[in-house]
Amino acid sequence: MKRFINRVALAIAVLAISVTLPSLLPPIQAVPPPVLLSQNVNFKPPDVTAPDNRQGGTHRGCQLQKGLSITPLIPESNIGLTLTEAPTFFVYVSQPAAQVEFVLLNEDESEVVYESSLKIDKAGIVGVSISDKDKTKNIEVGKRYVWSFALACDPQERSGDYIVRGWMQRIAPQGNLKSDLANPDPRVRLMAYAKNGIWYETLATLAQMRRTAPDDASLKAEWTQLLKSQKLEALADKPLVDSF
């Protein structure tokens, strides 16, 4: 009888603990699933076009040093969208010690918005960022701009420069894009830029992520996929070098 009473008491004690314990523990927070970069980055080009051809530059009689070339990282349409007043433009320069000039003009090319001269010390992909303090005009929402990278064949005779050109248009964020861009996770912002066809920020965000984690194989794969989507796969393995 005594043994039976002890067993009953033990069972009641266990039951009391099982009922009380959950109330003493903090609530379990739901953990969001990780963002899988390779499943989400998919650049969708907007339905915009621009004159000129991205491939090849304007030679104007220029005889470049053997093996020297310059290629802009721009969509096939020759125009990219941006949301910012200070976008970053990327260009591949095949040899070091090249003097490159970057100029941003308004749509009819009557006004200079920004210009800079760069000395490229390493061959590779270079980023040129527009700084607010050096702009002569604002980059306005809804307007198009023309940019160019130029290699000087003869510093004394600039009419023979080798030039590549492209277009940029600034737009305002719409719909869910605003809330997506408020997310502190750069991967979420990257996916939002790509999904909405915002070329300059897609490229710049992914480039910065690769600089931060150069050995991340998934980022390298996404970089390759992004460039390949715009037929720039020949540049996928080129190193990311200086930024200006």
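## Aromatic pairs and a shared cluster

This predicted model contains 7 aromatic pairs. One of them joins Phe102 and Tyr114: the ring centres are 6.3 Å apart and the planes meet at 55°, so this pair counts as tilted. It is a link between distant parts of the chain, with Phe102 in strand β4 (residues 98–106) and Tyr114 in strand β5 (residues 112–120), 12 residues apart. Both partners are tucked away from the surface: Phe102 is buried, and Tyr114 is buried too.

Which residues make up the aromatic cluster? Phe89, Phe102, Tyr114, Trp147, Phe149 and Tyr200 form it together. If you are finding your way around the structure, Phe102 and Tyr114 are a good place to begin, since you have now met them both as a pair and as members of this cluster.

## Phe89 and its neighbours

Another member of the cluster is Phe89, which sits in strand β3 (residues 88–93). Is Phe89 buried or exposed? Its relative accessibility is 2%, and because the cut-off for buried is under 20%, Phe89 counts as buried.

Leaving aside residues up to four places away in sequence, Phe89 touches Phe102, Leu104, Val126, Gly127, Val128, Ile130, Trp147, Phe149, Met168 and Tyr200. Several names here may look familiar, as Phe102, Trp147, Phe149 and Tyr200 also belong to the aromatic cluster. Val126 shows how the chain folds back on itself in space: Phe89 and Val126 are 37 residues apart in sequence, yet their C-alpha atoms are 8.2 Å apart.

## The chain as a whole

Now let us step back to the overall picture. The chain is built with 6 helices and 9 strands. It has 244 residues, and 39% of them are buried.

How much of the contact in the chain comes from residues 24 or more positions apart? Among contacts with a separation of 6 or more, such residues account for 70%.

## Helix α5 between two partners

Helix α5 (residues 199–212) packs with helix α6 (residues 217–229) at an angle of about 155°, and their axes lie 10 Å apart. That angle makes α5 roughly antiparallel to α6. Their crossing is left-handed. On the α5 side, the residues that meet α6 are Trp199, Thr202, Leu203, Leu206, Ala207, Met209 and Arg210, while α6 contributes Leu219, Lys220, Glu222, Trp223, Leu226 and Leu227. Sorted by class, this contact has 9 nonpolar, 1 polar and 3 charged residues.

Helix α5 also meets helix α4 (residues 186–195): the two axes come within 8 Å and cross at roughly 150°. This makes α4 roughly antiparallel to α5. Here too the crossing is left-handed. Pro186, Arg187, Leu190, Tyr193 and Ala194 of α4 come up against Glu201, Thr202, Thr205, Leu206 and Met209 of α5. The residues of this contact divide into 6 nonpolar, 2 polar and 2 charged.

## Met209, a meeting point

Met209 lies in helix α5 and has a part in both helix contacts, the one with α6 and the one with α4. Where does Met209 stand on the scale from buried to exposed? With a relative accessible area of 10%, Met209 is buried.

Not counting residues up to four places away in sequence, Met209 touches Pro186, Arg187, Leu190 and Leu219. Pro186, Arg187 and Leu190 belong to α4, whereas Leu219 belongs to α6. Met209 and Leu219 are 10 residues apart along the chain, and their C-alpha atoms are separated by 7.5 Å.

## Two residues with a positive phi

Most residues other than glycine have a negative phi. Which residues here have a positive phi although they are not glycines? Asn78, with a phi of about 75°, is one, and Glu109, with a phi of about 60°, is another.

Both are found in loops. Asn78 lies in the loop between β1 (70–72) and β2 (79–82), and Glu109 has its place in the loop between β4 and β5. Those are the strands that carry Phe102 and Tyr114. Asn78 is buried, with a relative accessible area of 0%, whereas Glu109 is partly exposed, with a relative accessible area of 36%.

How values were computed:
Residues numbered from 1 in each chain as written. Predicted model: local features only at pLDDT ≥ 70, side-chain atom pairs only at ≥ 80, totals over all residues. Heavy atoms only, no water. Axes fitted to C-alpha atoms, helices over the stretch in contact; angles between N-to-C directions. Helix = DSSP H or I, 4+ residues; strand = E, 2+ residues; numbered from the N terminus. Parallel < 35°, antiparallel > 145°, perpendicular 65-115°, else oblique. Left-handed = near helix turned anticlockwise from the far one by under 90°. Contact = heavy atoms within 4.5 Å. Nonpolar A, V, L, I, M, F, W, Y, C, P; charged D, E, K, R; others polar. Phe/Tyr/Trp six-rings, centres within 6.5 Å; stacked < 30°, edge-to-face > 60°. Buried < 20%, exposed > 50% of the residue type's maximum accessible area, 1.4 Å probe, protein only.
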